[in-house]
Amino acid sequence: MPGETNEDVKAMSFEQALETLERIVDDLERGDVPLDQSIRIYERGEALKAHCDRLLKAAEDKVEKIRLSRDGKPVGTEPLDAD
C-alpha cells in the first residue's frame with residue numbers, strides 16, 4: 001500500500017471496500033506491521049468503513065415495502081420504515 005491514498009475508496013463498490021477492510025483488519029490483528037504502516041492502514045480502514053456505511057445507508061433508503069390490498073394484490077409501495 002505504499003503511496004496509496006484514500007481517494008480511490010470513493011470509487012469502490014461495497015464488496016470491494018469490505019474485502020479491502022477485512023484484509024486491513026487481518027493485517028492489524030497479526031501485529032507484524034510496523035507502527036507507521038499500522039497507522040496508515042488504520043486510517044485507510046476508517047475511510048473504507050465510512051464508505052461502506054454510506055453505501056449501506058443509500059441501499060436502505062431504496063428498500064421499499066410492497067403494499068397489498070385486502071385481497072392480497074400489490075397496490076403500490078411505501079418506505080420500509082414508514083413512521
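1. Let's start on the outside of helix H1 (helices being DSSP runs of H or I, at least four residues, numbered from the N terminus). The face turned away from the buried side of H1 carries Glu15, Glu29 and Arg30, which are exposed (over 50% relative accessible area, with buried under 20%, using a 1.4 Å probe and protein chains only).

2. A word on the source: this is a predicted model, where local features need pLDDT of at least 70 and side-chain atom pairs count only at pLDDT 80 or more, while totals for chains, interfaces and linings use all residues. Residues are numbered from 1 along each chain as its sequence is written, and side-chain values use heavy atoms, leaving out hydrogens and water.

3. Now turn H1 over. Its buried residues are Ala17, Thr20, Leu21 and Ile24. Seen down the axis of H1, they fall within an arc of 100° (taken from the directions from the helix axis to the C-beta atoms), so they line one face of the helix. An α-helix has 3.6 residues a turn, so residues three or four places apart point the same way.

4. What do the buried residues of H1 pack against? Their partner is helix H2, residues 35-62. Leu48 touches Val9, Met12, Ala17, Thr20, Leu21 and Ile24 (heavy atoms within 4.5 Å), leaving aside residues up to four places away in sequence.

5. Just after H1 comes Gly31, with a positive phi near 75°.

6. How far can you trust this? Confidence is given as pLDDT, from 0 to 100 for each residue. The chain averages 86, and 88% of the residues score at least 70. Happily, H1 has the highest confidence in the chain, at 95.

Notes:
Helix = DSSP H or I, 4+ residues; strand = E, 2+ residues; numbered from the N terminus. pLDDT = per-residue confidence, 0-100.
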